[in-house]
Amino acid sequence: MLTIRLARVGAKKKPHFRVVVVESRRSNEGRFVEILGHYNPRTEPAELKLNRDRVDYWIGKGAQPSDTVRSFLRRPQTAAQPAETPAAEPTETPAS
């Protein structure tokens, strides 16, 4: 059976997680089928990026999300907001 769960990556005391599809009997560091996103709990607020289309695909194929991933899926989806650019200062032209 397939499971959607977190796989820890990152240095010691600096956790960073991948959201992966993996065979349920494999270890957390074991071989995975596909990376669906990542989760960084060290940023404020915690950064979560998921490919929702692929998550829905794997759930449709019978993959079971872990409790943590299930809580991530319940979060409201936030649209990526473009970075704000400062407004251009109007240039003054000398009056002739």
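The following paragraphs describe the sheet, the two helices packed on it and the aromatic contacts of a predicted model.

In this predicted model, five strands make up an open sheet of mixed pairing, in which the strand order is E4-E3-E2-E1-E5. Strand E4, spanning residues 47-50, and strand E5, spanning residues 64-65, form the edges, each of them pairing on one side only. Strands of a sheet pair through backbone hydrogen bonds, either parallel or antiparallel. Strand E2 (residues 16-23) and strand E3 (residues 34-40) run antiparallel and are joined by five bridges; within this pairing, Val19 has Gly37 of E3 as its bridge partner.

Helix H1, which covers residues 52-60, packs on the sheet and touches strands E1 (2-9), E2, E3, E4 and E5, with its direction at about 125 degrees to that of E3. Helix H2, formed by residues 67-74, likewise lies across E1, E2, E3, E4 and E5, and runs at about 95 degrees to E1.

The burial pattern of H1 was examined next. Arg52, Val55 and Trp58 are the buried residues of this helix, and, viewed down the axis of H1, they fall within an arc of 125 degrees, so that they line one face of the helix. An α-helix has 3.6 residues a turn, so residues three or four places apart point the same way. The buried residues of H1 pack against E1, E2, E3 and E4 as well as against H2, whereas the face turned away from the buried side carries the exposed residues Asp53, Asp56 and Gly60. Also in this region, Arg54 is placed over the face of Tyr57, at 4.4 Å from the ring centre. After H1 comes Gly62, the phi of which is positive, near 105 degrees.

Three aromatic pairs are present in the structure. A pair of aromatic rings is described by the distance of the centres and the angle of the planes. For Tyr39 and Phe72, the ring centres are 4.7 Å apart and the planes lie at 45 degrees, so the pair is classed as tilted. This pair connects distant parts of the chain, given that Tyr39 belongs to strand E3 and Phe72 to helix H2, with their positions 33 residues apart. Both residues fall under the 20% limit for burial: Tyr39 counts as buried because its relative accessibility is 14%, and Phe72 is buried with a relative accessible area of 3%. Ring pairs further link Phe17, Tyr39 and Phe72 into a cluster.

Note on methods:
Residues are numbered from 1 along each chain as its sequence is written. This is a predicted model: local features need pLDDT of at least 70, side-chain atom pairs count only at pLDDT 80 or more; totals for chains, interfaces and linings use all residues. Side-chain values use heavy atoms; hydrogens and water are left out. Two strands pair if DSSP finds at least two bridges between them. Helices (H or I, at least four residues) and strands (E, at least two) are DSSP runs, numbered from the N terminus. Contact means heavy atoms within 4.5 Å. Axes are lines fitted to C-alpha atoms, for helices over the stretch in contact, and angles run from 0 to 180 degrees between N-to-C directions. Rings of Phe, Tyr and Trp (its six-membered ring) pair if their centres lie within 6.5 Å; planes under 30 degrees apart count as stacked, over 60 as edge-to-face and the rest as tilted. Buried means under 20% relative accessible area, exposed over 50%, partly exposed in between (1.4 Å probe, protein chains only). A charge sits over a ring if NZ of Lys or CZ of Arg is within 6 Å of the ring centre and within 35 degrees of the ring normal. The arc is that of the directions from the helix axis to the C-beta atoms.
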